[in-house]
Amino acid sequence: MEIKELGHLVLYVRDIGRSAAFYRDVLGWKQIFPDPTDADGNPPRFPAAAFSAGRTHHELLLIQVGDDATAVPDGRRLGLYHFGLKVGDSDDELRAVLAQIQAAGVVIVGASDHTVTHSLYIHDPDGNEIELYIDVPGVDWKNHPALVAAPTRPLRL
């Protein structure tokens with residue numbers, strides 16, 4: 001077997017409306033299911049929402065599990081740490097993303113220069129950590145894979 005690419009992520013969320021609005025309206029991800037422009041107001045078969053950047057049928061699926069679901073615990077734990085979303089190809093684009101998410105009231109929980117990427121870290125409404133990043137132009141990690149493990153430095157935008 002050979003993995004060709006990461007296909008999609010599925011996250012459990014407390015409130016599908018709140019989380020769908022975050023991924024759609026704050027992060028700008030295209031919601032493909034249910035269609036947010038459906039004027040008929042047809043309810044979904046189950047409380048879920050799917051998003052695609054156009055690479056595949058869906059890269060993110062959210063499934064509502066309700067307000068009584070256990071929160072993501074702080075600190076070291078097993079399971080998902082964060083997932084990364086590429087948001088552009090330059091620091092100018094990352095600065096624009098920073099301004100946009102700050103204007104939406106999203107708190108930046110980290111900012112790192114990883115040599116191969118420049119990254120901002122945020123949480124979604126349920127506490128899932130998201131890395132918003134750009135690949136640093138001119139860094140040839142394919143021919144120099146050790147760059148991927150370079151020491152992390154503070155990000156200076």
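**Exercise 1. Decide whether Thr-117 is buried or exposed in this predicted model, and describe its surroundings.**

*Solution.*
Step 1: Start with accessibility. The relative accessible area of Thr-117 is 10%, and the cut-off for buried is under 20%, so Thr-117 counts as buried.

Step 2: Place the residue. Thr-117 belongs to strand E7, which covers residues 117-123.

Step 3: Look across to the paired strand. E7 and E8 run antiparallel and are joined by 7 bridges. Within E8, Asp-135 is the bridge partner of Thr-117.

Step 4: Collect the contacts. Setting aside residues up to four places away in sequence, Thr-117 touches Ser-112, Glu-131, Tyr-133, Ile-134, Asp-135 and Val-136. There is also a polar contact between the side chains of Thr-117 and Ser-119, at 3.1 Å.

**Exercise 2. Work out which strands form the open sheet, and which of them are the edge strands.**

*Solution.*
Step 1: Write down the order. The open sheet has 5 strands, arranged E5-E8-E7-E6-E9, with mixed pairing.

Step 2: Find the strands that pair on one side only. These edge strands are E5 and E9 (153-154).

Step 3: Add the helix. H2 packs on the sheet and touches E5, E7 and E8. The direction of H2 makes about 10° with that of E7.

**Exercise 3. Thr-115 lies in a loop; find out which loop, and what its side chain contacts.**

*Solution.*
Step 1: Locate it. Thr-115 sits in the loop between strand E6 (110-113) and E7.

Step 2: Check burial. The relative accessibility of Thr-115 is 15%, so this loop residue counts as buried.

Step 3: Find the polar partner. The side chain of Thr-115 makes a polar contact with the side chain of Arg-153, at 3.2 Å.

Step 4: Complete the neighbourhood. Beyond four places in sequence, the residues in contact with Thr-115 are Val-136, Val-139, Leu-147, Ala-150, Pro-151 and Arg-153.

**Exercise 4. Asp-126 is another loop residue; state how accessible it is and name its polar partners.**

*Solution.*
Step 1: Locate it. Asp-126 is found in the loop between E7 and E8.

Step 2: Check burial. With a relative accessible area of 10%, Asp-126 is buried.

Step 3: Follow the side chain. One polar contact, at 3.1 Å, joins it to the side chain of Arg-18. A polar atom of the Asp-126 side chain also lies 3.2 Å from the backbone nitrogen of Arg-14.

Step 4: List the contacts, leaving aside neighbours within four places in sequence. They are Val-13, Arg-14, Arg-18, Ser-19 and Val-72.

Step 5: Compare sequence with space. Asp-126 and Val-116 are 10 residues apart in sequence, while their C-alpha atoms are 28 Å apart.

**Exercise 5. Trace the aromatic cluster, and explain why the pair of Tyr-23 and Phe-51 ties together parts of the chain that are apart in sequence.**

*Solution.*
Step 1: Count the pairs. The whole structure contains 4 aromatic pairs.

Step 2: Take Phe-22 with Tyr-23. Their ring centres are 5.2 Å apart and the planes meet at 90°, an edge-to-face pair. Both Phe-22 and Tyr-23 are buried.

Step 3: Move on to Tyr-23 with Phe-51. Here the centres are 6.2 Å apart and the planes stand at 50°, so the pair is tilted.

Step 4: Read off the elements. Tyr-23 is in helix H1 and Phe-51 is in strand E3, so their pair ties together parts 28 residues apart in sequence.

Step 5: Name the cluster. Ring pairs link Phe-22, Tyr-23, Trp-29 and Phe-51.

**Exercise 6. Describe the largest nonpolar core, and say which element supplies its largest share.**

*Solution.*
Step 1: Pick out the central members. Among the 20 residues of this core, Tyr-23, Phe-51, Leu-62 and Ile-130 touch the most other members.

Step 2: Assign the contributors. E1, H1, E3, E4, E5, H2 and E8 each supply at least two residues. The largest share, 5 residues, comes from H1.

Step 3: Note the second core. Another core lies apart from this one and has 5 residues, including Leu-94, Leu-98, Leu-120 and Ile-134.

Step 4: Return to H1. Its buried residues are Ile-16, Ser-19, Ala-20, Phe-22, Tyr-23 and Val-26. At its N-terminal end, Asp-15 acts as a cap, with a side-chain oxygen 2.9 Å from the backbone nitrogen of Gly-17. Just after H1, Gly-28 has a positive phi of about 80°.

Note on methods:
Residues numbered from 1 in each chain as written. Predicted model: local features only at pLDDT ≥ 70, side-chain atom pairs only at ≥ 80, totals over all residues. Heavy atoms only, no water. Core = buried A, V, L, I, M, F, W, Y, C linked by side-chain atoms within 4.5 Å. Buried < 20%, exposed > 50% of the residue type's maximum accessible area, 1.4 Å probe, protein only. Helix = DSSP H or I, 4+ residues; strand = E, 2+ residues; numbered from the N terminus. Polar contact = N/O pair within 3.5 Å; in protein donor to acceptor, adjacent residues only side chain to side chain. Contact = heavy atoms within 4.5 Å. Pairing = 2+ DSSP bridges. Axes fitted to C-alpha atoms, helices over the stretch in contact; angles between N-to-C directions. Phe/Tyr/Trp six-rings, centres within 6.5 Å; stacked < 30°, edge-to-face > 60°.
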